[in-house]
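Q: Hey, I've got a structure open here and could use some company going through it. Can we start with the basics and then poke around?

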Amino acid sequence: MLPHAADNIERDGKSLILAYDHGLEHGPVDFEPNPDTADPERIFELAAHEAVTSLAVQKGLAEAYYPDYEDDVNLLLKLNGTSNLWMGEPNSAVNCTAEYAAGLGADAIGFTVYGGSNHEVEMAEEFRRAQEGAREHDMAVVMWSYPRGQGLRNDGSPDVISYGARLGLELGADVVKVKYPGSAEAMGHAVEMAGPADVVMSGGTMRDDKAFLRNVANAIDAGATGIAVGRNVFQRDDPERILDALEAVIFQEVEPDEALAIAESDD
Ligand SMILES: O=P(O)(O)OC[C@H]1O[C@](O)(COP(=O)(O)O)[C@@H](O)[C@@H]1O
């Protein structure tokens with residue numbers, strides 16, 4: 001990683017990445033709890049919320065919508081992805097180059113690496129190309145580091161998550177996105193293993209406000225620099241309200257109860 005490479009997608013060294021690649025990764029089922037969110041325009045508008053430091057999308061959405069939002073949104077362009085229709089060993093098709101991302105105005109690139117998959121070797125090579133391309137265009141590099149595949153049954157165990165965090169550092173990511181390993185202590189170990197690379201917690205499936213914010217607060221206490229979140233924001237009835245609360249937890253480091261009170265008073 002390069003010192004300060006992620007400054008353009010962070011605020012005071014912290015980040016809230018709004019992830020919206022679910023239409024590819026999971027399919028339309030993820031929009032069912034809040035059908036308005038199938039419309040990318042709704043999410044680009046949401047990404048203009050001041051809590052959001054970048055919006056992670058695939059190339060097609062960036063081409064169609066980003067020109068109208070480039071003044072208000074930092075673009076984190078995902079360069080690979082796989083649909084839920086794929087039944088093979090974990091892999092992620094590269095669908096965009098770093099050069100093309102730079103041409104679209106991206107501030108950062110995002111790349112999934114499934115360490116432990118049968119495809120790890122080719123994925124590391126693809127990541128190398130993307131990472132070096134990003135360096136040529138001064139874009140930050142965010143790795144979705146999700147070890148899974150072959151014998152790796154429990155991709156959420158603390159040891160595996162720490163290994164994923166370390167893979168990000170070793171391969172040259174500026175920010176490593178990992179699943180929450182279940183406790184502040186385990187998150188602290190992952191942060192330590194990532195060294196100077198920033199670690200952000202991946203959002204996960206919908207949880208109640210307090211439980212979700214508690215995990216985020218624990219991750220921040222443990223040294224994580226923020227969160228990359230999709231469903232826990234856009235599947236809620238009032239996504240702006242949870243962004244207000246996340247802003248308080250991540251950037252002001254207040255406790256979840258106080259953050260929720262701040263979010264209520266902003267309504
Ligand atoms: O591969 P998984 O575990 O289904 O998760 C992939 C999804 O999770 C994310 O990394 C984070 O999204 P969520 O916050 O909704 O979990 C997305 O970018 C991606 O689409």
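Q: Okay, random place to begin: is Glu253 buried or exposed?
A: Glu253 is exposed, as just 12 other C-beta atoms lie within 10 Å, and 12 or fewer counts as exposed. Keep in mind that this is a predicted model.

Q: Where does Glu253 sit in the chain?
A: Glu253 is in the loop between H10 and helix H11, which covers 256-266.

Q: What's up with the phi of Glu253?
A: Phi of Glu253 is near 55 degrees, so a positive value in a residue that isn't glycine. Most residues other than glycine have a negative phi. His4 has a positive value too, with phi near 70 degrees.

Q: And where is His4, and is it buried or exposed?
A: His4 is in the segment before strand E1 (15-19). His4 is exposed, with 11 other C-beta atoms within 10 Å.

Q: Let's zoom out. How many helices and strands are in the protein chain?
A: The protein chain has eleven helices and ten strands. Its radius of gyration is 17 Å, close to the 18 Å that the globule rule gives for 267 residues, so the chain is as compact as a globular protein of that length. Along its principal axes, the C-alpha trace spans about 50 × 40 × 35 Å.

Q: What share of the residues count as buried?
A: 51% of the 267 residues do.

Q: Which residues touch the most other members of the largest nonpolar core?
A: Leu18, Leu55 and Ile109 do, in a core of 88 residues. Helix H10 (residues 239-251) gives the most to this core, with seven residues.

Q: What does Leu55 touch, beyond its close sequence neighbours?
A: If you skip residues up to four places away in sequence, the contacts of Leu55 include Leu18, Tyr20, Phe44 and Val73.

Q: Switching topic: which residues does UniProt list for "active site"?
A: The UniProt entry, which is unreviewed, lists Tyr146 and Lys177. They span 32 residues in sequence, yet no two of their C-alpha atoms are more than 8.1 Å apart, so they gather at one spot.

Q: Where is Tyr146, and what does it touch?
A: Tyr146 is in the loop between strand E7 (140-145) and helix H6 (158-171). Leaving out residues up to four places away in sequence, Tyr146 touches Thr112, Tyr114, Asp155, Gly164 and Lys179. Tyr146 counts as buried, because it has 23 C-beta neighbours inside 10 Å and 20 or more is enough.

Q: Same again for Lys177: where does it lie, and is it buried or exposed?
A: Lys177 lies in strand E8 (residues 175-179). Lys177 is buried, with 28 other C-beta atoms within 10 Å. Beyond four places in sequence, the contacts of Lys177 include Trp144, Ser145, Val200 and Ala228.

Q: There's a ligand as well. Which residues come nearest to the ligand?
A: Of the 13 residues around the ligand, Ala19, Glu25, Gly203, Gly230 and Arg231 come nearest. Helix H1 (22-25), strand E10 (226-229) and helix H9 (231-234) each supply at least two residues of that shell.

Q: How many of the shell residues are nonpolar, polar or charged?
A: Four are nonpolar, six are polar and three are charged.

Q: Last one: where does Glu126 lie, and what does it touch?
A: Glu126 lies in helix H5 (residues 120-136). Not counting residues up to four places away in sequence, Glu126 touches Asn80 and Val94. Glu126 counts as buried, with 20 C-beta neighbours inside 10 Å.

How values were computed
Residues are numbered from 1 along each chain as its sequence is written. This is a predicted model: local features need pLDDT of at least 70, side-chain atom pairs count only at pLDDT 80 or more; totals for chains, interfaces and linings use all residues. UniProt positions are given in the numbering used here, feature names are shortened, and annotations may be inferred rather than shown by experiment. Helices (H or I, at least four residues) and strands (E, at least two) are DSSP runs, numbered from the N terminus. Two residues are in contact if their C-beta atoms, placed from the backbone, lie within 7 Å. A residue is near a molecule or strand if its C-beta atom, placed from the backbone, lies within 6 Å of it. Ala, Val, Leu, Ile, Met, Phe, Trp, Tyr, Cys and Pro count as nonpolar, Asp, Glu, Lys and Arg as charged, and the others, Gly among them, as polar. The radius of gyration is taken over C-alpha atoms; the globule rule is 2.2 Å times the number of residues to the power 0.38. A nonpolar core is a set of buried Ala, Val, Leu, Ile, Met, Phe, Trp, Tyr and Cys residues joined through C-beta atoms within 7 Å.
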